[in-house]
Amino acid sequence: TQLKSSNLKLLGMLVTLIFGGNQGDRKTLIGEAITEMSSIGKIELCSSLYETAPWGFESSDSFYNQIVTYETNLLPEEVLDKCQATEQKLGRVRSGTQFCSRTMDIDILFCDSQIINTPRLTVPHPRLAQRNFVLAPLNEIMPAFIHPVIHKNIATLLAECTDTLKAEIIGKKYVTFPEDSE
């Protein structure tokens, strides 16, 4: 079994992250965060950049959001550590309030099709199916992906979502892939 578990580690995992913020130079901050997080592994998929309305609180400052999947050999909680360190590096101050303005927020949406419930981490993200700003960019890059808890694909979840808050594309892929230049 030792050999089997080390082989699983070598195969890596696709981790899907959402980057968002509504303070500072939002586009630059998201680009910096995506680059900083690339230390966990290779970027596989990247949505367009979206401008979205604040969810769960009032603010005159809209959010920018982007979803990126990385192939990583890290464990999910190690990815969480890197997300939190990157948020802090880019000026995030945790206020204790769940829904508030911030320079950078990085959430783990999926780790392959794993279901994780620990005191520090819940994956899939528990509220993603209720949020247009998450489902719209997810649908752009992985519409057929089956949510491991709800057992519906992303396209269906988006079609069934009752959230009507704005989520519109304002820029194409912020990250340039090597194969894009061929």
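# A guided tour of the cores and strand β5

Begin by selecting Cys 46: at 6% relative accessibility, this residue counts as buried. The model is predicted. Cys 161 may be selected next; it also counts as buried, at 16% relative accessibility, since the cut-off for buried is under 20% relative accessible area. With the cysteines displayed, the number of disulfides is 0.

**The whole chain**

Colour the model by secondary structure. The protein contains 5 helices and 8 strands, and from the N terminus on the elements follow the order α-β-α-β-β-β-α-β-β-β-α-α-β. Of the 182 residues in the protein, 45% are buried. Among contacts with a separation of 6 or more, 73% involve residues 24 or more positions apart.

**The largest nonpolar core**

Select Val 15, Leu 17, Phe 19, Met 37, Tyr 70 and Ile 108 together. These residues touch the most other members of the largest nonpolar core, which has 27 residues. Now add the elements β1 (13-21), α2 (26-37), β2 (41-46), β4 (63-72), α3 (76-89) and β5 (105-111), each of which supplies at least two residues of this core. Helix α2 provides the largest share, 5 residues.

Centre the view on Ile 108 and display its surroundings. Leaving aside residues up to four places away in sequence, Ile 108 touches Val 15, Thr 16 and Leu 17, then Pro 76, Val 79, Leu 80 and Cys 83, and also Leu 121, Val 123 and His 125.

A second core, separate from the largest one, has 14 residues; among them are Ile 67, Leu 109, Leu 138 and Cys 161.

**Thr 16 and its neighbours**

Move next to Thr 16 in strand β1. Is this residue buried or exposed? At 2% relative accessibility, Thr 16 counts as buried. A C-alpha to C-alpha distance drawn from Thr 16 to Ile 108 reads 6.0 Å, although the two are 92 residues apart in sequence. Not counting residues up to four places away in sequence, Thr 16 touches Ile 67, Val 68 and Thr 69, a run from Asp 107 to Phe 110 that includes Ile 108 and Leu 109, and finally Leu 138 and Met 142.

**Strand β5**

Select β5 as a whole. Because 6 of its 7 residues are buried, β5 is largely enclosed by the rest of the structure. Strands β1 and β5 pair in the antiparallel sense over 6 bridges. To inspect one bridge, select Gly 20, whose partner in β5 is Asp 105.

**The aromatic pair**

Stay on β5 and select Phe 110, which is buried with a relative accessible area of 1%. The structure holds 1 aromatic pair. How are the rings of Phe 110 and Phe 145 placed? Their centres are 4.6 Å apart and their planes lie at 55°, so the pair is tilted. The pair joins distant parts of the chain, 35 residues apart: Phe 110 belongs to strand β5, and Phe 145 to the loop between α4 (132-141) and α5 (154-160).

**Helix α4**

From that loop, step back to α4. This helix is mostly covered, with 8 of its 10 residues buried. The buried residues are Asn 132, Phe 133, Val 134, Leu 135, Ala 136, Pro 137, Leu 138 and Ile 141. Leu 138 has appeared before, as a member of the second core and as a contact of Thr 16.

**A charge over a ring**

As a last stop, select Arg 26 and Tyr 64. The charged end of Arg 26 sits over the ring of Tyr 64, at 3.9 Å from the ring centre.

Note on methods:
Residues numbered from 1 in each chain as written. Predicted model: local features only at pLDDT ≥ 70, side-chain atom pairs only at ≥ 80, totals over all residues. Heavy atoms only, no water. Core = buried A, V, L, I, M, F, W, Y, C linked by side-chain atoms within 4.5 Å. Buried < 20%, exposed > 50% of the residue type's maximum accessible area, 1.4 Å probe, protein only. Helix = DSSP H or I, 4+ residues; strand = E, 2+ residues; numbered from the N terminus. Contact = heavy atoms within 4.5 Å. Disulfide = S-S within 2.5 Å. Phe/Tyr/Trp six-rings, centres within 6.5 Å; stacked < 30°, edge-to-face > 60°. Lys NZ or Arg CZ within 6 Å of the ring centre and 35° of its normal. Pairing = 2+ DSSP bridges.
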